Amino acid sequence: MWIEHRSLFLEELLRMEGRGGLQEVPCSDCGGSSPEFKCEDCFGIDLRCSSCITATHQRHPLHRLQKWNGNYFECATLKSLSLQIQLGHTFGQKCPNPRRAFNDNFVVMDSYGIHEVLLDFCDCVEAESHTQQLLRIAWFPSTTADPKTAATFRLLEEFHLLSFESKVSAYEFYSALVRRTNNTGLAPVKDRYESFMRMIREWRHLKMLKRSGRGHHPNGVDATEEGDCAVLCPACPHPGKNLPDDWEKVPRAKSWIYALFLAIDANFRLKRKIVSSNTMDPSLSHGWAYFVEEGAYKELLAEKVDVLQEKSTCSSHNAVNMVDTKTSRGLAATGLGTIDCARHNMKRPNAVGDLQKGEKYVNMDYLFFSTLRHTSLQTLNVSYDIACQWHKKLWQRMTAFPISMHFNFVSKVIDFFVPKFHLPAHIEKCQTTFSFNFKRGVGRTDGEAPECGWANINPVASSTKEMGPGARRDTLDDFFGDWNWKKVVGLGTIMLRKMKEALPERTNQQIALNDLEEGLKEDYGGVLDQWRTQVEAWEDDPHQPNPFERNADVITLASVRLALAKEDEVEIQSGSCLALHEDCSPSVLISSGLELEEQQRRLRADKAACGLHATDTQQGKLVERSNSLQRRIEAWVKIQALYMPNISALRLSDQATSTNMTSVPSSETFKLWLPSQIGRSAPCDERLQWTEWRLRYAQGHDALRSLRSSLRVQTAVLKYKDRNLRGQGANTRARSSHRNTLKTIDARIEAAASRYEGAHKALVILGGLLAETGWQSSLRPLNRQDIRSMSDLLWGESEGRRKLSWIWNMHGARGSEKDDTRGLEDMRIEWCKARARAMHWGEEVELLQEEMRRILAFLMWEAACWDERQDSVIPTSLEHQDGCVAYAKHQAFLRRELVASFEARWAETLAQPDNINDID
């Protein structure tokens with residue numbers, strides 16, 4: 001459509017380069033002949049004479065002019081027309097004692113460009129300071145001592161928002177401003193980059209103080225305490241702000257509803273080079289927002305500099321085991337450590353600090369104890385990707401910290417978790433002991449909140465790594481504050497989406513549990529109550545036997561990974577480690593490759609399940625997953641090239657023989673070229689082949705175990721269907737839910753079978769390369785007819801001629817489903833997991849309801865605080881008081897408007913939970 005009118009647009013653009021039909025038109029104001037000037041920023045296009053253009057711009061001294069020189073328009077300035085700007089008086093009033101700015105050449109930075117103007121300060125007896133005179137016209141001076149440069153509030157606000165949304169650096173923004181002023185380089189613009197950097201830093205700081213109400217405090221800004229300027233999470237519990245008066249008296253069984261969820265993480269992209277020092281570049285605040293107070297933090301770290309990091313007894317966590325070998329050459333900070341709100345992904349006050357050499361316990365301990373000073377809650381759920389190791393001697397380490405950071409941990413209920421995405425990397429015991437999926441009172445929390453937040457802040461790293469320590473802390477504090485505020489105003493949408501997801505899932509999971517229990521009653525009815533007693537005992541006391549754990553030793557992928565990690569540890573200690581990458585040993589490379597392969601398999605299955613009529617939301621989520629997987633693959637491929645240098649040639653050869661050489665493989669079809677995929681086509685390190693063989697062997701056993709467990713569950717559900725869902729009168733909703741349950745089980749069976757087939761194929765190739773035999777007796781080829789329960793018959797079979805599928809004949813699978821100890825254990829674990837899913841979705845609905853209530857209560861509390869600030873300020877003048885009162889009223893109004901908006905948005909959905917009948 002637009003292409004048809006392209007010439008018209010181009011014609012009009014060129015027309016505006018000339019006088020646009022105004023060649024013979026007189027001055028639009030005085031009627032004089034031959035007007036020469038037009039304004040680029042005024043509305044419309046008029047030509048005026050020099051005196052009229054000057055008069056009309058007394059109130060617009062920063063507009064850009066153009067002058068017709070007889071052939072074309074050239075740039076002109078209001079300064080060249082002697083437009084004088086007078087400060088300190090009302091518009092039009094002449095100052096009896098003006099004082100010219102420095103050399104009569106004042107520089108103003110504005111959205112339209114960088115301007116040189118004629119400026120007079122008022123030097124009368126009762127005149128304000130030059131700084132105040134500039135601020136009164138919304139110009140921000142670059143210095144308080146004889147300012148020669150200023151930036152308009154409009155420009156600072158524009159950059160402030162752009163830096164949040166596009167992560168543009170001050171240098172890039174300033175360069176664009178210079179080019180907007182003059183894009184040819186023929187008229188050099190005076191360099192005010194350093195002034196701009198200083199002004200924007202001060203602007204960020206002032207905005208933080210203003211929005212946190214520090215300008216209304218009767219004792220002034222200096223009375224600000226640590227954490228006072230942080231934007232708090234309204235959905236988290238805050239005693240005295242959004243909790244009932246009797247919240248501490250709630251029965252223990254319900255105390256989880258007032259728990260605080262914390263997520264600990266580190267980011268090694270937010271480095272800082274050794275630039276400047278805290279003496280030369282101190283922060284403008286002193287731990288007033290998200291960063292801890294630097295002086296006390298560095299003092300304690302200096303005392304603990306010689307403390308060795310305790311080695312991990314779990315998987316080979318680089319955060320723990322390699323902390324003392326992390327490279328820090330040329331860096332003052334190797335990254336950031338943070339404590340976040342785990343459910344709502346918001347930074348907590350005094351919970352951010354620099355890391356000097358990896359992710360040391362002393363750094364993370366300090367941040368943890370620092371932010372806990374701001375809460376008196378009795379129930380804490382703490383998520384950390386190395387929580388299994390970190391929590392062991394936490395309370396012993398606390399005694400070495402200042403008394404102000406100590407708290408009575410004995411009187412509190414504190415549980416430690418590993419985030420769901422990080423959990424598979426841990427040993428099997430950790431996967432049950434520290435799982436969000438199994439413990440009571442956590443809803444559907446996943447603990448991965450910080451990982452989502454890093455995507456927003458990481459682009460800033462390229463500019464902050466070059467900053468001094470104070471400037472960097474102030475800048476990141478400002479970014480974290482904006483992130484929190486965006487989360488606050490978006491809670492209406494976020495909470496509604498979560499509730500709409502949780503309500504039907506609560507119903508579906510409860511029905512699925514009921515279906516499973518009905519199917520189990522015939523064969524396992526005698527032990528079902530025992531399982532319930534056992535799991536409830538473990539939930540009350542984690543020292544009791546864990547019902548989610550297997551009692552017998554089995555070959556698992558996690559156990560092989562642990563063995564490989566221990567072998568890496570021995571090599572590191574002996575000095576024989578041949579790792580070519582500091583963060584990735586050969587065993588980690590292959591293990592990560594298998595994880596990527598599994599993610600590819602799941603993504604392919606999920607795309608196939610969506611079909612041709614997927615919704616935009618479904619497609620969007622799949623694209624996001626595909627992009628994330630692609631980034632992980634690209635990072636893995638770079639490391640793979642170090643250990644397997646022939647891979648590049650193989651990939652090029654494979655691409656050359658491809659039927660479609662122009663197409664780029666998608667993330668789920670990208671060939672990883674693991675040793676088993678290379679085979680004999682290219683040389684490969686035998687150690688890598690052995691590593692994959694061991695992992696594939698364990699993967700095959702894992703897949704078979706999952707396959708048998710899913711088949712048992714399928715049998716139990718089908719038995720329930722046969723007994724209870726016959727005829728036309730069966731409950732429609734129950735039938736629909738039952739179909740969904742079976743569909744989910746079928747998907748799990750298919751996934752396990754696919755995983756096994758991939759492992760077996762790899763074992764066949766690697767077994768031939770390594771001359772490994774004997775494994776075929778337990779891991780046989782899997783045909784479609786082998787995937788059946790113990791009681792299923794093949795076509796043409798009778799009970800007298802029935803043959804058991806080989807998957808049930810291997811060790812650990814033999815015997816009847818009812819009497820087999822391993823089968824009983826599998827069913828116990830499966831029932832415990834089904835119970836946990838139903839319980840957690842129910843908890844999630846309760847948590848969301850409570851969080852919605854807390855959000856509204858917190859915003860009303862904030863509104864009341866702003867109401868009180870109207871009277872608490874000690875004004876220096878009537879004008880100051882008027883501004884403070886107006887700002888406080890506006891902020892209170894905004895909070896109440898948010899409350900009204902959220903209530904209206906949630907009203908329909910919040911009415912649903914009480915209307916849903918309990919499922920028997």
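**Note on the predicted model**

1. Proline 645 is located in the loop that joins α19 (616-643) and α20 (647-656). The structure discussed throughout is a predicted model. With a relative accessible area of 58%, proline 645 counts as exposed, because the cut-off for that class is over 50%. Its C-alpha atom is separated by 9.6 Å from that of proline 683, a residue 38 places away along the chain.

2. The largest nonpolar core comprises 78 residues. Within this core, Phe368, Phe369, Trp390 and Phe416 have the most contacts. When neighbours within four places in sequence are set aside, tryptophan 390 touches Ile264, Tyr361, Met364, Asp365, Phe368, Val382, Tyr384, Arg397 and Phe416. A second core, separate from this one, holds 40 residues, among them Val713, Leu770, Trp775 and Cys832.

3. An open sheet is built from five strands in the order β14-β13-β10-β15-β16, with mixed pairing. The edge positions belong to β14 (346-355) and β16 (413-417); each has a single partner strand, so one side of each is left without a neighbour in the sheet. From one strand to the next, the twist averages 20°.

4. Between β13 (residues 335-341) and β14, the pairing is antiparallel and extends over six bridges. In this pair, glycine 335 lies opposite leucine 355 of β14. Helix α13 (residues 449-457) packs on the sheet and touches β10 (260-267), β13 and β14. The direction of α13 makes an angle of about 50° with that of β10.

5. Helix α7 (residues 294-303) has two sides that should be described separately. Which residues of α7 are buried? They are Glu294, Tyr297, Leu300 and Leu301. These residues cover an arc of only 140° around the axis, and therefore lie on the same side of α7. On the other side, Glu299, Ala302 and Glu303 are exposed.

6. The cover over the buried residues of α7 includes the edge strand β14, together with α9 (361-372) and α15 (469-489). At the start of α7, a side-chain oxygen of glutamate 293 comes to within 3.1 Å of the backbone nitrogen of glycine 295.

7. Strand β14 recurs in several of these points. It stands at an edge of the sheet, pairs with β13, is touched by helix α13 and belongs to what covers the buried residues of α7.

Conventions:
Residues are numbered from 1 along each chain as its sequence is written. This is a predicted model: local features need pLDDT of at least 70, side-chain atom pairs count only at pLDDT 80 or more; totals for chains, interfaces and linings use all residues. Side-chain values use heavy atoms; hydrogens and water are left out. A nonpolar core is a set of buried Ala, Val, Leu, Ile, Met, Phe, Trp, Tyr and Cys residues joined through side-chain atoms within 4.5 Å. Buried means under 20% relative accessible area, exposed over 50%, partly exposed in between (1.4 Å probe, protein chains only). Contact means heavy atoms within 4.5 Å. Two strands pair if DSSP finds at least two bridges between them. Helices (H or I, at least four residues) and strands (E, at least two) are DSSP runs, numbered from the N terminus. Axes are lines fitted to C-alpha atoms, for helices over the stretch in contact, and angles run from 0 to 180 degrees between N-to-C directions. The arc is that of the directions from the helix axis to the C-beta atoms. A polar contact is a pair of N or O atoms within 3.5 Å; within protein, one must be able to donate a hydrogen and the other to accept it, and residues adjacent in sequence count only if both atoms are side-chain atoms.
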